[in-house]
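Reader: I am new to reading protein models, and I would like to learn how to go through one feature at a time. Could we take one together?

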Amino acid sequence: MAAAIITDFFDKVRANPDAVARLSGCANSDEFVDRAVTLGRELGYSVQRDDLFTALRAANPGASDLSDDELDHVQAAGVWEALLRAPVPAP
């Protein structure tokens, strides 16, 4: 169920340039997830932090081996922005 909600949420975000802008340019994964949770609630989704982290890790399969600090560096390289443009894989 959570995967369907996350997928639907990111589909809606990708279709809305203002929503994409609100999630772009985050300094780290925590900031991205915090913004996404807030935006999700505003759009009527019950988006949970853990579910978002699971979806983000699924979008970058090699990330499961990364520490949180390493994951933040991957984010800085644009992984989260790529997620905003690509389909969300099922976890």
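Reader: Which residue forms a salt bridge with D11, and how far apart are the closest N and O atoms?

Author: The general idea is that side chains of opposite charge can pair when their charged atoms come close. Keep in mind that this is a predicted model. Here the partner of D11 is R14, and the closest N and O atoms of the two are 2.4 Å apart. Both residues belong to helix 1, where they sit three residues apart, about one turn of the helix. As for their surroundings, D11 is partly exposed with a relative accessible area of 38%, and R14 is partly exposed as well, at 22%.

Reader: How many salt bridges does the structure hold?

Author: The structure holds five salt bridges, and one of them joins R22 to E42, with the closest N and O atoms 2.6 Å apart. Since R22 lies in helix 2 and E42 in helix 3, this pair ties together parts that are 20 residues apart in sequence. R22 itself is partly exposed, with a relative accessible area of 38%.

Reader: Which residue does the side chain of D34 meet in a salt bridge?

Author: The side chain of D34 meets that of R49, at 2.3 Å from N to O. D34 is in helix 3 and R49 is in helix 4, which spans residues 49-59, so the pair ties together parts that are 15 residues apart in sequence. Both residues can also be placed by their exposure: D34 is partly exposed at 39% relative accessible area, and R49 is partly exposed at 32%. When you follow such pairs, look for shared members, as in the network of salt bridges that links D30, D34 and R49.

Reader: Helix 3 has come up more than once, so how should I read a helix, and which residues in helix 3 are buried?

Author: A careful way is to take the length of the helix and then the cover of its residues. Helix 3 covers residues 29-42, which makes 14 residues, and from its first C-alpha to its last it reaches 20 Å, close to the 20 Å expected at 1.5 Å a residue. Taking buried to mean under 20% relative accessible area, the buried residues in helix 3 are S29, F32, V33, A36, V37, L39 and G40. Just after this helix comes G44, which takes a positive phi of about 90 degrees.

Reader: What should I look for in a loop, and where does N16 lie?

Author: In a loop, you can ask what each side chain reaches. N16 lies in the loop between helix 1 (2-14) and helix 2 (17-23), and its side chain reaches the backbone nitrogen of D18 at 2.9 Å. N16 is partly exposed, with a relative accessible area of 31%.

Reader: Stepping back to the whole chain, how many helices and strands does its secondary structure come to?

Author: The count comes to six helices and zero strands, so that from the N terminus on the elements run α-α-α-α-α-α. Buried residues make up 33% of the 91 residues in the chain. To read how the chain comes together, consider the contacts between residues at least 6 apart in sequence, of which 59% join residues at least 24 apart.

Reader: How much area does the chain expose, and what share of it do carbon and sulfur atoms supply?

Author: The chain exposes about 4900 Å², and carbon and sulfur atoms supply 52% of that area.

Definitions and conventions: Residues are numbered from 1 along each chain as its sequence is written. This is a predicted model: local features need pLDDT of at least 70, side-chain atom pairs count only at pLDDT 80 or more; totals for chains, interfaces and linings use all residues. Side-chain values use heavy atoms; hydrogens and water are left out. Helices (H or I, at least four residues) and strands (E, at least two) are DSSP runs, numbered from the N terminus. Buried means under 20% relative accessible area, exposed over 50%, partly exposed in between (1.4 Å probe, protein chains only). A polar contact is a pair of N or O atoms within 3.5 Å; within protein, one must be able to donate a hydrogen and the other to accept it, and residues adjacent in sequence count only if both atoms are side-chain atoms. The expected span of a helix is 1.5 Å times one less than its number of residues. Contact means heavy atoms within 4.5 Å. Accessible areas come from the Shrake-Rupley method with a 1.4 Å probe; for residues, only the protein chains shown count as cover. A salt bridge is a side-chain nitrogen of Lys or Arg within 4 Å of a carboxyl oxygen of Asp or Glu.
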